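This report looks at charged side-chain pairs, strand pairing and helix packing in the structure shown below.

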Amino acid sequence: MKPALQLRLGQSLALTPQLQQAIRLLQLSRMELELELNTALESNPLLDMAEEGSEGEEGEAPAEATDEAPTESADAAEDDSLDLDLEPDPTDYRASGATDEEGLEPQDAEIEDLRDHLLWQLNLTPMSPRDRAIATAIVEAVDDDGYLAESDDTIRDALAALYTVTSEEIESVRHRVQHFDPVGVASRNLRECLAVQLDAFDVQTPGLSLAQLLVADHLEALAKQDRARICQRMQIGEAEFDTALALIRSLVPKPGAAFASTNAEYVAPDAYARKVAGRWQVALAPGCQPRLGINEHYASLIAKARREDASYLKGQLQEARWLIKSLKTRAETMLKVAGAIVRAQEAFLEFGPEAMRPLVLKDVADEIGMHESTISRVTTRKFLHTPRGTFEFKYFFSSGVTTVDGGAASATAIQAMIKRLIDEEHATRPMSDQLLASELNRRGINVARRTVAKYREAMNIPSSNDRSRLG
């Protein structure tokens with residue numbers, strides 16, 4: 001079995017154990033691969049981590065891929081001496097993993113969520129056991145935005161085993177919770193949330209009384225940007241209105257939004273792209289492929305062992321060699337795919353998302369001589385670090401839309417253009433999907449309004465009506 005397997009998975013062929021293993025390893029993320037290898041090292045006595053600086057079973061590492069198409073001779077395909085341990089380049093810009101004085105990686109503290117924050121304040125607030133039970137039930141019913149969507153009946157049922165409470169008691173305790181930090185939490189709706197926050201201001205605050213009236217009686221009109229009608233109806237000047245409006249804009253419509261409920265997820269890049277002497281180069285990340293070798297001590301026992309033991313050790317030796325070759329295949333394939341992506345998306349690396357060109361799996365598969373299903377496996381949960389950020393391999397693939405000059409623009413580039421147009425639009429005159437489509441057409445991109453709407457929704461950008469703001 002050659003180490004440089006071409007893995008044409010779409011063809012009808014009998015998958016050998018070696019090929020099955022190589023395919024499975026291609027699908028694993030970096031973390032999953034580490035767990036897989038730890039299990040293999042524990043279960044196979046013939047498999048060992050090679051000593052630093054030793055040649056081991058592997059030989060040399062896959063070479064860096066440049067912006068030229070990869071070439072491979074027949075002799076290179078037969079070479080079984082590829083070292084999978086890649087030494088870090090001291091001139092590289094990638095971050096090093098910091099450790100503490102005991103060699104342990106620092107761990108982030110668990111993020112406090114909104115309910116923990118409220119319960120901590122509740123424990124410091126003097127209350128009767130009855131009111132504390134009601135407050136606890138209210139805090140547990142608050143959603144991630146900080147609002148109380150549960151009815152009084154639901155809260156009453158939750159407390160039935162301890163106390164029989166009235167709606168008046170629930171409301172009284174809820175008003176106390178509303179003045180916890182963040183102010184406005186446990187409100188029933190936006191109007192109430194904003195009103196509670198305004199009540200917390202000093203009475204001498206400029207525009208406070210007018211802001212309270214606007215929130216209480218004209219919130220819908222504010223959302224519709226009906227400035228002139230509001231000023232006329234309330235018989236106030238625009239300067240006075242602007243002062244109150246600025247105060248309202250300083251409020252927090254979702255008091256719980258500042259409290260994250262999940263920890264941030266970090267990824268370790270599998271490959272790096274960098275520009276050296278004017279040319280883009282790709283290399284696998286240090287530590288992406290472990291240095292594995294054969295345990296020579298156990299290998300030497302095969303000739304001396306009894307028949308049963310020798311048979312077991314030979315089987316383990318064969319599995320160890322298969323794993324090492326499969327890892328070699330994984331490293332080579334990842335490097336080829338990353339190199340093909342960088343060659344295809346040099347414009348993105350140079351100029352940003354608007355220069356992303358259309359790219360599909362077949363393009364890369366044809367270039368490096370592999371099947372599309374293999375490329376799909378390699379691009380899943382593998383990450384490429386570039387000067388513009390770290391992206392999953394899949395990020396660089398998207399379909400294309402024709403341009404007036406007969407070319408094509410990728411969906412990613414069009415999304416970037418739409419986002420930039422929206423970022424630059426006037427706050428009081430947001431661009432509709434039709435207007436965005438017309439502007440893209442003017443720039444040579446043949447795109448329909450419904451396509452613009454689809455891309456806008458994919459980026460979680462509200463519609464023009466929802467984006468409209470006073471100002």
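## A salt-bridge network around Arg188

In this predicted model, Arg188 is partly exposed, with a relative accessible area of 28%, whereas Asp152 is buried at 16%. The side chains of these two residues, Asp152 and Arg188, meet in a salt bridge with an N to O distance of 2.6 Å. The pair links distant parts of the chain, since Asp152 belongs to helix H6 (residues 152-158) while Arg188 sits in the loop between helix H7 (167-177) and helix H8 (190-199), 36 residues apart.

The contact between Asp152 and Arg188 belongs to a wider arrangement, in which Asp152, Glu171, Arg174, Arg188 and Glu192 are linked in a network of salt bridges. Across the structure there are 18 salt bridges. Side chains of opposite charge can pair when their charged atoms come close.

## Two further charged pairs

Glu354 and Arg420 also join their side chains in a salt bridge, at 2.4 Å from N to O. This pair too links distant parts of the chain, with Glu354 in the loop between helix H15 (346-351) and helix H16 (361-368) and Arg420 in helix H18 (residues 411-424), 66 residues apart. Glu354 counts as partly exposed at 30% relative accessibility, and Arg420 is likewise partly exposed, with a relative accessible area of 30%.

The salt bridge between Arg442 and Glu439, whose closest N and O atoms are 2.5 Å apart, is set within one helix. Both Arg442 and Glu439 lie in helix H19 (residues 433-442), where three residues, about one turn of the helix, separate them. Their surroundings can be described by accessibility: Arg442 counts as exposed because its relative accessibility is 63%, and the cut-off for exposed is over 50%, while Glu439 counts as buried because its relative accessible area is 17%, and buried means under 20%.

## Strand pairing around E2

Strand E2 (residues 271-276) pairs with strand E3 (residues 279-284) in the antiparallel sense, over six bridges. Within this pairing, Ala273 stands opposite Val282 of E3, and Arg274 has Gln281 in E3 as its bridge partner. The hairpin of E2 and E3 has two residues between the strands, and in it Ala277 takes a positive phi near 55°. E3 itself is mostly covered, with five of its six residues buried.

E2 also pairs with strand E5 (residues 383-386), here in the parallel sense and over two bridges. In that pairing, Tyr272 has His385 of E5 as its bridge partner.

## Packing of H2 against H14

Helix H2 (residues 30-43) packs with helix H14 (residues 307-344) at an angle of about 165°, their axes lying 11 Å apart. That angle makes H2 roughly antiparallel to H14, because angles over 145 degrees count as roughly antiparallel. The crossing in which H2 passes H14 is left-handed.

The contact between the two helices involves Arg30, Leu33, Leu37, Ala40 and Ser43 on the H2 side, which meet Tyr312, Gln316, Leu323, Leu327 and Arg330 in H14.

Key: Residues are numbered from 1 along each chain as its sequence is written. This is a predicted model: local features need pLDDT of at least 70, side-chain atom pairs count only at pLDDT 80 or more; totals for chains, interfaces and linings use all residues. Side-chain values use heavy atoms; hydrogens and water are left out. A salt bridge is a side-chain nitrogen of Lys or Arg within 4 Å of a carboxyl oxygen of Asp or Glu. Helices (H or I, at least four residues) and strands (E, at least two) are DSSP runs, numbered from the N terminus. Buried means under 20% relative accessible area, exposed over 50%, partly exposed in between (1.4 Å probe, protein chains only). Two strands pair if DSSP finds at least two bridges between them. Axes are lines fitted to C-alpha atoms, for helices over the stretch in contact, and angles run from 0 to 180 degrees between N-to-C directions. Angles under 35 degrees count as roughly parallel, over 145 as roughly antiparallel, 65 to 115 as roughly perpendicular and the rest as oblique. A crossing is left-handed if the near helix is turned anticlockwise from the far one by less than a right angle, and right-handed if clockwise. Contact means heavy atoms within 4.5 Å.
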